[in-house]
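Biologist: Hi! Could you walk me through a few spots in this model?
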Amino acid sequence: MPGRTSTRSTRTSTASTTKRASSARQSANAVEIPDEGPITPLRTQIAQVFGDAQKTTATQRKLVVNLRKIQEACCYEPPTTAKGGKKAPGEVDDDFDEEDFNTEVGRCVIRILGIKKSEPVGDRLIRFLGLFLKFAAEKDHAIFASTEAEEEEGVLHETPSSRLTSKLLLSILGFLNSKDKTVRFRATQLVAHVVNNLTAIDDDTFNLIRLGVLKRLRDKEPSVRVQAVLCLGRFVGEDEEDDDEDSDDDDDVAGGIMEKLLDIMINDPSAEVRRAVLLNLPMWPTTLSYILERARDMDATTRRLVYGKILPALGDFRHMSLVQREKMIRWGLRDRDDSVRKAAARLFREQWLEHCASSRDDRPEEEKKAGDAAPPNMEALCELLERIDVTRSGEEDGMAHEAMREFWAGRPDYREATTFDHDFWKNLDAQTAFIARTFNDYCHSADDARAQDMIEDKMPEVTMFAFVLQKELNSLMELVQKGAVMDEDDPEAEEVQEDAEEQDFIVQQLLHIAMTLDYTDEMGRRQMYNIMRESIAKAHLPEECTKLAIEVLRTVCGSRGESDFCALILEAIAEVRDSLLDADDDATEKGENDEESFHSARSDVDAPMLIGSKKNTEELTPEEEEAQRVREVMVYSKCLHIAQCTLQNVHCDLESDNSLTNILNTLIIPAVQAREAMIRERGVICLGLATLLSKDLATSNLDLFFHCFTKGHDALKEIVIQILTDTIITHPQLLAPPAADPDATAEDAESEPKPNVLIRPITKVLLKAFNSSDNKRLNLIACTAASKLLLLGILPPAPTAEILKAFTLTYFDPETAANPALRQALSYFLPVFCHSKLKNAQLMAQIAVPVISKLLLMREETLDEEADDMVSWPVITAHLSEWTDGRKVVGATELGLDGKTSTSAEAEEPHIHLSIEVLERALTSTCSRDERKPLLSLLSKLFIAPSSSTRKGEEATSGESLGTLHALVSEAVEGKIGIDATQRNYLSKLELSLTKRLGEVEHVTQVPHQEELNESAAPSPDQTEANLEEQSQADATELPGTQDVDGSEIGDEEDDGDTMLAGMQGEGTRMPLEEYDDESDDTELPAAKRNRHTVTEDDIVESLLASESEM
């Protein structure tokens, strides 16, 4: 423990570091420490105790006892001396009272406040102080309770420890507002630790602490806010009524500790502070919803804390509502952090399952051990699934599938103990059916061979399973028909509806299992074949079961091919259509009207009654007519649903299959022309699926889809957008340029090819749907559809640039904040598109400048309040520079064997072209100052290498584009278009860099040219010896530097090399001191003279220094 600074003078030492050490000691205390009086034995003992306490926590309990003895010696009667006249431990030489003891302890505590957070000494001393105050309070309470037992229990007595605590807290509260963050942290930490270790505190001190610590909730240091939360967590639930003497400001600060803590937990930017609140809030019904919301916290550690510590400490999960249980499991299992997913899975399969299994554990108490899991119990698992409403969460893409997948993976004891015997299949319910389905899915998806063996051991054969499925299908049809004939006011109608929904869920799980069975058994396969064929033909079978039954039938058909499958579907549609005539007593009339109904479907396309008998409607009442119309629409919708599921499961050519052609002509086309919205929507969906199987059908119906988008409602527009995209992706040749005209002239052949006539309407449809402000879902669907086309590169560059510009503007538009799904789709698409291919980055570079101009207009048109919500220019330019960076394109950068990174020559082209466009726009007279500022800011973020760093075997960047950029930069520097000094300096540096870069490009282009000249000047083998001698004599008469080699650069270099200052680079350049004759400029120096050592100024200086040293 640091004591009071000594006032002794520093002793003089003969060591070499005396002056340095002395000055360091003298400058250590920059603050003048006030006089604390003479050193007393009491101060020495208390300082010694605190000094020992800061070393380790192992001996702190012993030190607490010693300090308590010193306190008792000062506050109570002195203890009796030990034998031999020696003083008892803790007894001091002089007489000191309670005030002296409190002063000395406060003196030591004040010195804790300056210890930095990183030093563990401060934490040890604060822990020691808390232990001592708690121990002393307990001792004082025992003393007063024994002497004043007649008083009522619970009365707070004023004791030496309580007075010491109040004095320490009051002295520390003054440091809560210190300017030093270390002092504020230690003061808040000390108050929080003392408050959490005490059982009672007087009201005056309580109110002062509450007011002071509440202000620290808004401290700028997260560590201070954490300590304030730890302190206030102790006050939650206490009486918060303020005295009338408090000011209004104090009332506002002190009011509602719980509300303030909840606000901090939701809105504090520090994850550490949010976790501190989360761990210190009580588990009350009013706070439970706020605590559970932390499962969606931004910090992964906080989310993991909810699943790993908060929810297990909550107790039985059945106290939560159904919605809360479902949200907790869904959020946890779908979290992006792997540790959170593991914690949520562990919570589900261990904690929650144990709550259900513990009440069913029949083991004797002596066999139960703390922490051991209960043995596997299927009833407990069924209860757990019931508690999360498996009929809702067990639907496709529901969270129950993920929960059971983690359950089977983490509980091998349940995998071994689960059996699917005859009684299990006989008494199926929603929970047991889901258990069987998820177990089957897990075993099929697992790579373990043991899991595959479990399927053969536990799952039934196809024949037995067919009987179970037939039984459940019959039960479902009975419940559906029973609910159809019951009135809505019937009290049993709701119960029958719930039973039908549960039975529907059971059948769906069995059909999912049926799709994974092994149909090598011909008897079982035939039985399943007949069951599926009969079930599809039932008009009242729910649509989801119908869809799964068609998929099972397609699986069962297998080797029989798609033609037999389509023929069965056509028969099933005819049987569903005939069900309209079941109410007629005359069965023969039903058979005669079958064909007539389809003829009416082709003839009367205005009415939705496309299926049904030609009954005399004049004999029916309006109610009967409405009921008949609704029945016909529902049956026709069921037929279209069957056709839709069929088209989703076939891949053959549409024209080659008569059954599919019959369905198209007699069912789908009339449905597209119907007036009923539901019928028309399903007809368009079926027609879109049919176009995927036939290119000719797609070509003939594209105009129909465009018409549906123009005239249809929002739901139909969404369907058309998806159909158009899928059709173009499946048949990209639809957008191919038209074939060249064989009769065209040569001029027409040389002209640009005409674009496909379908490109413009498709682009217009996508942009119109994307920019629609009324339907957010339509915006998202159009964005997804256009993204697929752009990533696949199906559209030409012009419409691609138009769509890309719309995407970029929408991404930066603040109005899209109300559509987070759209913004998320764009945030994924834009970087992926730009970095997938280099041409995509170049395309983004082409639209970057127009995008900035458009955003500037949008910013000017919006109000001032709305303009503040727009994205700032630095963020926009940072995004554009990153999207156009060719180095981030896939394959543009490679790491060599030597560890160096090499970039392709084309990687910097997007930034070079963007720089040219930026400068061209900035140098125009129409460019305003507000527009020039973001343009030049974007220019400063672009990367243009100072030197070429291309791969071997690749050509460098074209010097033409670099020259154009250099000219524009030079013009910008001369025109001083920079808004501030930073931009002007960047333009100057860019000009110098480009000048150097162009010099390298010029040198690279000259060297190959010189090599070609040398090769042309070399003698050929056919030359005669006479020609060689004449050539050599002619060369001998020519002087150096005067050869005519069609390149003035070489002659200039030799002329410069003969001057005295040639090749000088700066300071330190060796300058020749000898003078040559004037004739040396025209004649070559002798070899000996050229090789002679040149005397420089450095040589002269060295020689003079050497001569002085010798003297």
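Modeller: Happy to; we can start with one residue and then turn to salt bridges. This is a predicted model, where local features need pLDDT of at least 70, side-chain atom pairs count only at pLDDT 80 or more, and totals for chains, interfaces and linings use all residues. Residues are numbered from 1 along each chain as its sequence is written, and side-chain values use heavy atoms, with hydrogens and water left out.

Biologist: Where is T302 placed?

Modeller: T302 is in helix α14 (residues 300–314); helices are DSSP runs of H or I, at least four residues, numbered from the N terminus.

Biologist: Buried or exposed?

Modeller: T302 is buried, at a relative accessible area of 0%. Buried means under 20%, exposed over 50%, and partly exposed in between, using a 1.4 Å probe and protein chains only.

Biologist: How many salt bridges are there in the whole structure?

Modeller: The search finds 43, each being a side-chain nitrogen of Lys or Arg within 4 Å of a carboxyl oxygen of Asp or Glu.

Biologist: Which residue does E416 pair with?

Modeller: E416 pairs with R450, with the closest N and O atoms 2.9 Å apart. E416 lies in helix α20 (residues 412–417) and R450 in helix α23 (residues 449–458), so this salt bridge ties together parts 34 residues apart in sequence.

Biologist: And how exposed are those two, E416 and R450?

Modeller: E416 is partly exposed at 41%, while R450 is exposed at 52%.

Biologist: What about R387?

Modeller: R387 forms a salt bridge with E383, at 3.3 Å between the closest N and O atoms. Both lie in helix α17 (residues 378–387), 4 residues apart, about one turn of the helix.

Definitions and conventions
Helices (H or I, at least four residues) and strands (E, at least two) are DSSP runs, numbered from the N terminus.
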